[in-house]
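Let's work through some exercises together, one step at a time. Keep the sequence and the 3D view open while you read.

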Amino acid sequence: MVHSDVLVVGGGPAGLAAAIAARSKGLRVTLIDSRRPPLDKPCGEGLLPEAVEALRALGIDLDGAQKFRFRGIRFSDAASSVYAEFAGASGHGVRRTVLHRLLVDRAEAAGVNLIWGAHVKAKDSVSADVNGRRFFFRWLIGADGLNSAIRRRAGLDAFVRKRGRFAFRQHYAIAPWTDFVEVHWSDDCQIIVTPTGPAEVCLALFTRNHRLRLAEGIGRFPEIVRRVEGARPTSSESGARTALARARFVVRGNIALVGDAACSIDGIAGQGLNLAFQASQHLADALAREDLRAYAAAHREMTRTPMRITRLMLLMAQHTWIRKKTLRMFAARPGFFSNMMSIHAGLAEADALSVRDLFGLSWRVLRA
């Protein structure tokens, strides 16, 4: 038999961050995943400044890793372009596998009991069977992704709302041509360009069309075609589902959800890891106080503004006329775009973007 204060199911970045944060509170932590590291997932691979700071709080410094600093975000389509810089801060482009290895190393150093290649079967509210061994715990953390089995077990699955899309990603051996993360928009897809090293860029395609792949999608963006022409791919194209989804509740009894199991942010927003790392700290604080209600309240608050901004981006992705008018308005009013991106990157208070501001934005878009 194995006894832990906290059993984390799911060994992706969210689960590892939750395990590290809980261990920092002196709790005995076991993490279990059926896969083996390093774990990968197609995404834009950009860490916003707030995510970089959250990693530092977990004891993870990116300075020794292969990465690329970026100083802002650029939105563009065939007719309009606008950019916003991160005042006094920077984000980092990092390969997902590199980030996962850093998190695994930090978890091991912190004393987390990591079990890979194992399957979990809950027995009751305080124990589980793991490959034939009985594990006892006080708290169960579901970090097992968008289709979370722990969420279903807790009876929270019925409250999840999903708006699904598809993501495809590939890396290219080419020196970055920009120190911005670029979001390129077309009628049926978007491509995010993220520098991930001094001689590598990541291209991530997001679309509702499950048949569309990068080779065809790039053709919608002549600027990207020109940039990467002749560049050698340094990874195979990989794909996954992405979604905007949130569980109505993230806590029930001694069970808590974190990461995509609790709130999945469509990859176009680049907020998934940021929210997971922030949530891990709130969750660890709540576990230390033995009061998960505090985590539930913090989670509602921290996801409110990212959900609003992501909904706007998905409207732009779904409706050509909204995208064209929004980008035209942003280009005409770059200060508003900078303010929105500062909030999005965690460099300004979320209260600065109110519901009234979004209604005002809608009116300005209609007039653009």
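Two strands pair if DSSP finds at least two bridges between them. With that rule in hand, remember that the model you are looking at is predicted.

**Exercise 1. Follow the partners of strand S11.**
Find out which strands pair with S11 (residues 133–142), and in which sense.

*Solution.*
Step 1. Begin with strand S1 (residues 2–9). Seven bridges link S1 and S11, and the pairing is parallel. To see one of these bridges, look for valine 2, whose partner in S11 is phenylalanine 135.

Step 2. Move on to strand S10 (residues 127–130). S10 runs antiparallel to S11, with four bridges between the two. Here serine 127 stands opposite phenylalanine 136 in S11. S10 and S11 form a hairpin with two residues between the strands, and asparagine 131 in this hairpin has a positive phi near 50°.

Step 3. Finish with strand S19 (residues 255–257). S19 pairs with S11 in the parallel sense, over three bridges. Glycine 142 has leucine 257 in S19 as its bridge partner.

**Exercise 2. Draw a three-strand sheet.**
Sketch the open sheet that holds S3, S7 and S4, and decide which strands stand at the edges.

*Solution.*
Step 1. Write down the order, S3-S7-S4, and mark the pairing as antiparallel.

Step 2. Count partners. Strand S3 (46–47) and strand S4 (68–70) each have a single partner strand, so each stands at an edge with one side lacking a neighbour in the sheet.

Step 3. Add some detail to the sketch. S4 and strand S7 (residues 91–93) are joined by three bridges, and one pair to label is phenylalanine 68 with glycine 93 in S7.

**Exercise 3. Judge how enclosed a strand is.**
Are the residues of strand S15 (residues 200–207) buried or exposed?

*Solution.*
Step 1. Recall the cut-off: a residue is buried when its relative accessible area is under 20%.

Step 2. Check one face of S15, where Glu200, Cys202, Ala204 and Phe206 are all buried. On the other face, Val201, Leu203, Leu205 and Thr207 are buried too.

Step 3. Conclude. Eight of the eight residues are buried, so S15 is largely enclosed by the rest of the structure.

Step 4. Look at the neighbouring strand. S14 (residues 189–197) and S15 run antiparallel and share eight bridges. Cysteine 189 stands opposite threonine 207, and two residues separate the strands of this hairpin.

**Exercise 4. Explore the surroundings of alanine 17.**
Which residues beyond its sequence neighbours are in contact with alanine 17?

*Solution.*
Step 1. Locate alanine 17 in helix H1 (residues 13–24).

Step 2. Read its accessibility: the relative accessible area is 0%, so alanine 17 is buried.

Step 3. Set aside the neighbours within four places in sequence. Alanine 17 is then in contact with Leu58, Phe277 and Ser280.

**Exercise 5. Compare two glutamates in loops.**
Glutamate 45 and glutamate 290 each have a positive phi although neither is a glycine. Where does each one lie, and is it buried or partly exposed?

*Solution.*
Step 1. Take glutamate 45, with a phi of about 65°. Glutamate 45 sits in the loop between S2 and S3, and its 5% relative accessibility makes it buried.

Step 2. Stay in that loop for a moment, since proline 38 lies there as well. A cis peptide bond, with omega about 0°, joins proline 37 and proline 38.

Step 3. Take glutamate 290, with a phi of about 55°. Glutamate 290 lies between helix H7 (272–289) and helix H8 (292–318). Its relative accessible area is 48%, so glutamate 290 is partly exposed.

**Exercise 6. Step back to the whole protein.**
How many helices and strands does the protein have, and why can we call it as compact as a globular protein of its length?

*Solution.*
Step 1. Count the elements: there are 11 helices and 20 strands.

Step 2. Compare sizes. The radius of gyration is 20 Å, close to the 21 Å from the globule rule for 368 residues, so the protein is as compact as a globular protein of that length.

Step 3. Add the burial figure: 55% of the 368 residues are buried.

Notes. Residues numbered from 1 in each chain as written. Predicted model: local features only at pLDDT ≥ 70, side-chain atom pairs only at ≥ 80, totals over all residues. Heavy atoms only, no water. Rg over C-alpha atoms; globule rule 2.2 N^0.38 Å. Buried < 20%, exposed > 50% of the residue type's maximum accessible area, 1.4 Å probe, protein only. Contact = heavy atoms within 4.5 Å.
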